[in-house]
Amino acid sequence: NRSWAEPYRIKMVEPVKMISREEREEAIKEAGYNTFLLRSDEVYIDLLTDSGTSAMSDRQWAGMMMGDEAYAGSRNFYNLEEAIQEYYGYDYVVPTHQGRAAEHIISQLLIKEGDYVPGNMYFTTTKLHQELAGGTFTDIIIDEAHDPENEHPFKANVNLEKLENLIKEKGADRIPYVSIATSVNMAGGQPISMKNLKALRALTNKYDIPIIHDMTRVAENAYFIKQREEGYEDVPIKEIVHKICSLTDGATMSAKKDALVNIGGFLALNDKKLYEQAQNMVVVYEGLHTYGGMAGRDMEALAIGITESVDEDHIRARVGQVQYLGERLIEMGIPVVRPIGSHGVFLNAKKILPHLSQDELPAQALAAALYVDSGVRSMERGVVSAGRNQETGEHNYPALELVRLTIPRRAYTQAHMDVVAESVEAVYKNRENVSGLAFDYEPEYLRFFQSRFKKV
Ligand code: F0G
């Protein structure tokens, strides 16, 4: 096998600088040991998230120059609508400023107090909007997804028996929709198979329950289908993406990931009546239904980003870079979520720091230690992210206690990945010295963003 390289060359650079270890120690203390509270200038390689952090192409920047900033009826909206119809196949589009705004609208429109919303593992903002609308999220992902070492190729699959039991127990009328994410973030960037999605479609049809698709990383999921599922080896990514969407009734999109823009999102629907209701709601919370919180130029960049996101060379390089980092860490003997996901490598903090109980917030502590070692910024995805039980007020204790090294698209090189791997190895060798953390300040919603911690 010959090597292959990134399918682009660099024509503009943004300098990054590493501050000293002493300065990093001071910075993380100042930030309450929460990597979200660091200043970007204190970071060397920023793997906090792949959200809004990707590099746009020359075409996208050219598109920015063609922004039509009319309040109503911007031509860029129609370009965006056309791209969504062509590439994703949904009929109606409501633009929003990012993904959670679309989640807000769909949750408020469909969920009633006391409803249950089954999903293939939770996502933080998605679940919160379901709860704020009066619903209870119910996890119906296969059990393998909660085991970081299980090598199941489609860990985002739905356990159909779990779903059918829930429908029988609560009644189909208490389930407004099934919430299905492609490339499930909290499971480690794991895909759902076409076969499972088809079976889910058949089951939900039987009970007349819609499927709402969190399509934030749908192209990455499609790439894994192409790699791993029989019959899709030669099917273009564009067609696989279209097929996935066709098996669902509507979608929320954080365009800041797959679609290669720094800001943007949308709600896409096939039901005209629901679309009209969503259009009516978007003017209250986001902006007119032809911009929804985005500038015209942002909509143009997004329309172009959608076409680039399904390019075969792009998606192979994108997921390939994540695989490269993951394989290096596996070679070094670091416990990571297997198989390596599509948008990041997830360190198994429970296993790396067995001397810390989950109450000592091992993933939070590991992310802070990694930052101090090298200026690499990662993110906690464990007990802090999981929040508290709505009724009891106790911490939720997820099986997965992870640190996410999230790779922005087209932004970093293979050498950056090597530096990251070497830093993880250094922290791993010194792991006995990583001490636990305790909450110092805890906000009510999405606490991982703004909590502060102290050493215990
Ligand atoms: N759904 C998924 C699967 C996501 O990963 C995100 C955001 C959202 C919805 C919400 O979209 O941020 O545009 O409002 N994930 C980011 C992350 C924040 O770092 O994983 P948003």
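UniProt positions are given in the numbering used here, and annotations may be inferred rather than shown by experiment. The model is predicted.

**Exercise 1. Place the annotated lysine.**
Find which residue the UniProt annotation "modified residue: N6-(pyridoxal phosphate)lysine" covers, and where that residue sits in the fold.

*Solution.*
Step 1. Read the record. The annotation, from an unreviewed UniProt entry, covers K257.
Step 2. Locate K257 among the strands. K257 lies in the loop between β7 (250-254) and β8 (265-269).

**Exercise 2. Decide whether K257 is buried or exposed.**

*Solution.*
Step 1. Recall the cut-off. A residue is buried if 20 or more other C-beta atoms lie within 10 Å of its own.
Step 2. Take the count. K257 has 30 C-beta neighbours inside 10 Å, so K257 counts as buried.
Step 3. Name the contacts. Neighbours within four places in sequence are left aside; K257 then contacts D50, S51, T216, R217 and H343.

**Exercise 3. Describe how domain 1 meets domain 2, as seen from domain 1.**

*Solution.*
Step 1. Set the bounds. The assignment gives domain 1 as 21-50 + 312-455 and domain 2 as 58-309.
Step 2. Take the spacing. Their C-alpha centres are 26 Å apart.
Step 3. Count the contact residues. Domain 1 supplies 22 residues and domain 2 supplies 25.
Step 4. Find the elements. On the domain 1 side, α12 (312-331) and β9 (344-348) each give two or more residues. The largest share is from α12, with four residues.
Step 5. Sort the domain 1 side by character. Nine residues are nonpolar, eight are polar and five are charged.

Note on methods:
Residues are numbered from 1 along each chain as its sequence is written. This is a predicted model: local features need pLDDT of at least 70, side-chain atom pairs count only at pLDDT 80 or more; totals for chains, interfaces and linings use all residues. A residue is buried if 20 or more other C-beta atoms lie within 10 Å of its own, exposed if 12 or fewer, and partly exposed in between; C-beta atoms are placed from the backbone. Two residues are in contact if their C-beta atoms, placed from the backbone, lie within 7 Å. Domain bounds come from an automatic or database domain assignment. Ala, Val, Leu, Ile, Met, Phe, Trp, Tyr, Cys and Pro count as nonpolar, Asp, Glu, Lys and Arg as charged, and the others, Gly among them, as polar.
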